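This report introduces a protein model to a reader who has not met it before. It turns to a bound ligand and then to the arrangement of domains.

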Amino acid sequence: MANTILVGAQWGDEGKGKIIDVLTEEADVIVRSQGGNNAGHTVFVGKQKYVLHLVPSGILHRGKRCVIGNGVVVDPISLVEEIEGLRKLGVKARGRLFLSETAHLVLPYHRELDAQREVLKGRQKIGTTKRGIGPAYGDKAARVGLRVIDLVQPQRFEDKLRQRIKENNGVLKAFGAKPLSFARVHAAYRAAGDYLKPFVSNTVTLLHQACLRGESILFEGAQGTFLDIDHGTYPYVTSSNTTAGGACTGSGVPPHRIDRVVGVMKAYTTRVGEGPLPTENAEIADMLHAMGREFGATTGRPRRCGWFDSVATRHAAMVNGIDDLAVTNIDGLDALETIKVCIGYRLGGKRYDYFPSDLEALSGCVPIYAEFPGWRTPTSTIKSWKKLPAACRAYLKALEDLTGARLAIASVGPARDQTMFL
Ligand code: IMP
Ligand code: MG
């Protein structure tokens, strides 16, 4: 397999975890390059369900190496819990998981500030996962962040943490929130630092050497294109580059090493948190929720749902340079008589075939729909493309044409064997 970047082509939760898990078979190294424990990647191995937040899903495959790259923001305590959780399920991370020494840390004041800022925003809140992601990336850009390399150097960590807690307690006080106890935070994070020390490594060099040996790297994207800090529906976005370019800056692997970009998209659209979602539709949301689907893997929140939006996915194909598409959750539409697909927007008497960058314009856009006949047959046990109902194949081919990238994978359920390759 070539070096592959996998991205979400919508608003996150496209089913990336499952597709990554399938593609991992052919990869040697699996890399996370952005985001933090705001991500929730659900993978089923047999009947066993795993939800991973920071550790690449490749960890579930024996013998694969996994990297948490420099572009990730790492909550050390959350990472320790995840590694321990895996250990209890019989999955060993030691010697296979490598944590970048230049990744930034998420600390308790980031989580506190995330929550306080959301309260202050009131009805304009972003609907964050409250994991401290925005404030941690904010500190990184402001050049006051603490990094993994600081965490594993006791004296340096103590000095920097003391200073940062002092400053942030002032900010928390202004919010009317409780200040943090340096001693308590320090003790907990020092312990996490000791635990994580054997995992810490120079991952840029490690990945460079893997490239030189001709090994295959799979970049496991988190969140989705429209949550990208630059290309998403700002400010209703996350704080990292979720698009393909982020894989390079967030890992230190140069662009010319990338051979392929795979975009994952659902056969419909979902979003958690606030912000515009042009094709949002209560009927499809009620149907999916009644089926027990579309609840967040990280926060448990019910996801907002809507019809497939090809204006959005076409934009995603453009900014990510998507070569191959994976369509997931096809079985979620099995019961529908008619399925709608957004093929353009109407705004003030004008038709738009591209995704507007102005949020106000986007919020005013009314989708123009094309209708497709449903297949009204359960698809979740179907194992090959040819056996899918003709109406289902026609629908998926239409999504391929409208998005403008090659349909390569079709997924009809969460398990590894519910995947078809075209
Ligand atoms: P934050 O990343 O916690 O700051 O949240 C910012 C926005 O991104 C919110 O709308 C979240 O719901 C959304 N978000 C963050 N991570 C994910 C994810 O992994 N899947 C889906 N949405 C996410
Ligand atoms: Mg998710």
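A polar contact is a pair of N or O atoms within 3.5 Å. The model described here is predicted, and the contacts of ligand 1 in this model can be read with that cut-off in mind.

**The ligand and its surroundings**

Three polar contacts of ligand 1 are set out below.

| Atom of ligand 1 | Partner in the protein | Distance |
|---|---|---|
| nitrogen | N or O atom in the side chain of Asp13 | 3.2 Å |
| oxygen | polar backbone atom of Gly127 | 3.4 Å |
| oxygen | N or O atom in the side chain of Thr238 | 2.6 Å |

On its own, ligand 1 has 470 Å² of accessible area, and the protein covers 97% of that area. Around ligand 1 there are 16 residues, of which Asn38, Thr129, Thr238, Val272 and Arg301 come nearest. Thr238 therefore belongs to this nearest group and also supplies the side-chain atom at 2.6 Å from an oxygen of the ligand. By class, the shell consists of 6 nonpolar, 8 polar and 2 charged residues.

**The domains**

The protein is divided into three parts: domain 1 (4-101 + 199-261), domain 2 (104-196) and domain 3 (265-311 + 326-421). The centres of domain 2 and domain 3, taken over C-alpha atoms, are separated by 37 Å.

How many residues of domain 2 are in contact with domain 3? There are 6, and they meet 5 residues of domain 3. Between these two domains an area of about 400 Å² is buried, with carbon and sulfur atoms giving 46% of it. On the side of domain 2 that touches domain 3, the residues are 1 nonpolar, 3 polar and 2 charged. The interface of domain 2 and domain 3 holds 3 residue pairs in polar contact, whereas 0 salt bridges are found across it.

Note on methods
Residues numbered from 1 in each chain as written. Chains lettered and ligands numbered in written order. Predicted model: local features only at pLDDT ≥ 70, side-chain atom pairs only at ≥ 80, totals over all residues. Heavy atoms only, no water. Domains from an automatic or database assignment. Contact = heavy atoms within 4.5 Å. Buried area = accessible area lost by both parts, 1.4 Å probe. Salt bridge = Lys/Arg side-chain N within 4 Å of Asp/Glu carboxyl O. Polar contact = N/O pair within 3.5 Å; in protein donor to acceptor, adjacent residues only side chain to side chain. Nonpolar A, V, L, I, M, F, W, Y, C, P; charged D, E, K, R; others polar. Near = heavy atom within 4 Å. Areas by Shrake-Rupley, 256 points an atom, 1.4 Å probe, with all protein chains shown as cover.
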